[in-house]
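This report describes one protein chain with a bound ligand. Please keep the sequence and the coordinates at hand while reading.

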Amino acid sequence: MLFADPWPKKRHWKRRIINAATVARFADLLADGGELRIATDDPGYRRWILACLLGEPRLEWQVTGPRDWRQRPADWPPTRYEEKAIAAGRRPVFLRFRRQPSTDKLASRGD
Ligand SMILES: C[S@@+](CC[C@H](N)C(=O)[O-])C[C@H]1O[C@@H](n2cnc3c(N)ncnc32)[C@H](O)[C@@H]1O
């Protein structure tokens, strides 16, 4: 999900495509090991996205250091909006969340 509209006004937050319900649905739909990839250049939306995602235990944030989420991974396509955001002096972040193995499978393996 690359640079989805952040809907910055509080009265419009219900329109955000990332919310607790959609995050749970993404976790339902992703295969084990599958990735949800989200980019944003909006600091308020970034905080919102992280709060929603960190509340979903089936999706683990794939961050390894303070800088890696600032760098677009080589296999993510650049977009026109990203170009414009950088030209305007904004700093995009690129967030990867990996679907953890379902607990059913862990239970059946005896883990
Ligand atoms: C800033 S543009 C980014 C377009 C493109 N992904 C890019 O990076 O160049 C935001 C896009 O979000 C779409 N959008 C509209 N409503 C949305 C919603 N509720 N949640 C997320 N995205 C929405 C718009 O149609 C628009 O194409």
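The sections below treat the overall chain, its core, the ligand site and several single residues.

## Overall architecture

The model is predicted. Its chain holds four helices and three strands, and these follow one another along the sequence in the pattern α-β-α-β-α-β-α. The C-alpha trace spans about 50 × 35 × 20 Å along its principal axes.

Of the 111 residues in the chain, 30% are buried. The chain exposes about 7200 Å², and 55% of this area is supplied by carbon and sulfur atoms. When contacts between residues at least 6 apart in sequence are considered, 72% of them join residues at least 24 apart.

## The largest nonpolar core

The largest nonpolar core has 15 residues. Within this core, the residues that touch the most other members are Ile18, Ile38, Ile49, Leu53, Leu59, Leu95 and Phe97. Two or more core residues come from each of helix H1 (20-29), strand S1 (35-40), helix H2 (43-54) and strand S3 (93-99). H2 gives the largest share, five residues.

Which residues does Ile49 touch, not counting those up to four places away in sequence? They are Ile18, Ile38, Thr40 and Leu95. Of these contacts of Ile49, Ile18, Ile38 and Leu95 are also on the list of core residues that touch the most other members.

## The ligand site

The ligand is surrounded by Leu2, Phe3, Ala4, Asp5, Trp7, Arg15, Ile17, Thr79, Arg80 and Tyr81. By residue class, this shell divides into six nonpolar, one polar and three charged residues.

Several N and O atoms of the protein lie at short listed distances from polar atoms of the ligand:

- Leu2 places a backbone N or O atom 2.8 Å from a nitrogen atom of the ligand.
- Asp5 has a polar side-chain atom 3.2 Å from a nitrogen atom of the ligand.
- Tyr81 has a backbone N or O atom 3.1 Å from an oxygen atom of the ligand.

Taken alone, the ligand exposes 580 Å², of which the protein buries 56%.

## Phe3 and Trp7

Two residues of the ligand shell, Phe3 and Trp7, also have notable backbone angles. Phe3 is not a glycine, yet its phi is positive, at about 60 degrees. Trp7, which is not a glycine either, has a positive phi of about 45 degrees.

Phe3 belongs to the segment before H1, and Trp7 is likewise placed in the segment before H1. Are these side chains buried or exposed? Phe3 has a relative accessible area of 10% and is therefore buried, while Trp7, at 28%, is partly exposed. These areas count protein chains only as cover.

## Pro92

Pro92 sits in the loop between helix H3 (80-87) and S3. Its relative accessibility is 5%, so Pro92 counts as buried. Leaving aside neighbours within four places in sequence, Pro92 is in contact with Phe3, Thr40, Asp41, Trp69, Arg70, Glu82 and Ile86. Phe3, one of these contacts, is also one of the residues around the ligand.

Trp61 lies 31 residues from Pro92 along the chain, and the C-alpha atoms of the two are separated by 17 Å.

## Glu56

Where is Glu56 placed? It is in the loop between H2 and strand S2 (59-61). Although a charged residue by class, Glu56 counts as buried because its relative accessibility is 9%, under the 20% cut-off.

A polar atom of the Glu56 side chain lies 2.9 Å from the backbone nitrogen of Arg58. With neighbours within four places in sequence left aside, Glu56 is in contact with Val23, Ala24 and Ala27. The range of H1, 20-29, takes in these three positions.

## Lys14

Lys14 is located in the segment before H1. With a relative accessible area of 71%, over the 50% cut-off, Lys14 is therefore exposed. The side chain of Lys14 reaches the backbone oxygen of Arg11 at 3.0 Å.

Pro78 is 64 residues from Lys14 in sequence, and their C-alpha atoms are 28 Å apart in space.

Notes: Residues are numbered from 1 along each chain as its sequence is written. This is a predicted model: local features need pLDDT of at least 70, side-chain atom pairs count only at pLDDT 80 or more; totals for chains, interfaces and linings use all residues. Side-chain values use heavy atoms; hydrogens and water are left out. A nonpolar core is a set of buried Ala, Val, Leu, Ile, Met, Phe, Trp, Tyr and Cys residues joined through side-chain atoms within 4.5 Å. Buried means under 20% relative accessible area, exposed over 50%, partly exposed in between (1.4 Å probe, protein chains only). Contact means heavy atoms within 4.5 Å. A polar contact is a pair of N or O atoms within 3.5 Å; within protein, one must be able to donate a hydrogen and the other to accept it, and residues adjacent in sequence count only if both atoms are side-chain atoms. A residue is near a molecule or strand if one of its heavy atoms lies within 4 Å of it. Accessible areas come from the Shrake-Rupley method with a 1.4 Å probe; for residues, only the protein chains shown count as cover.
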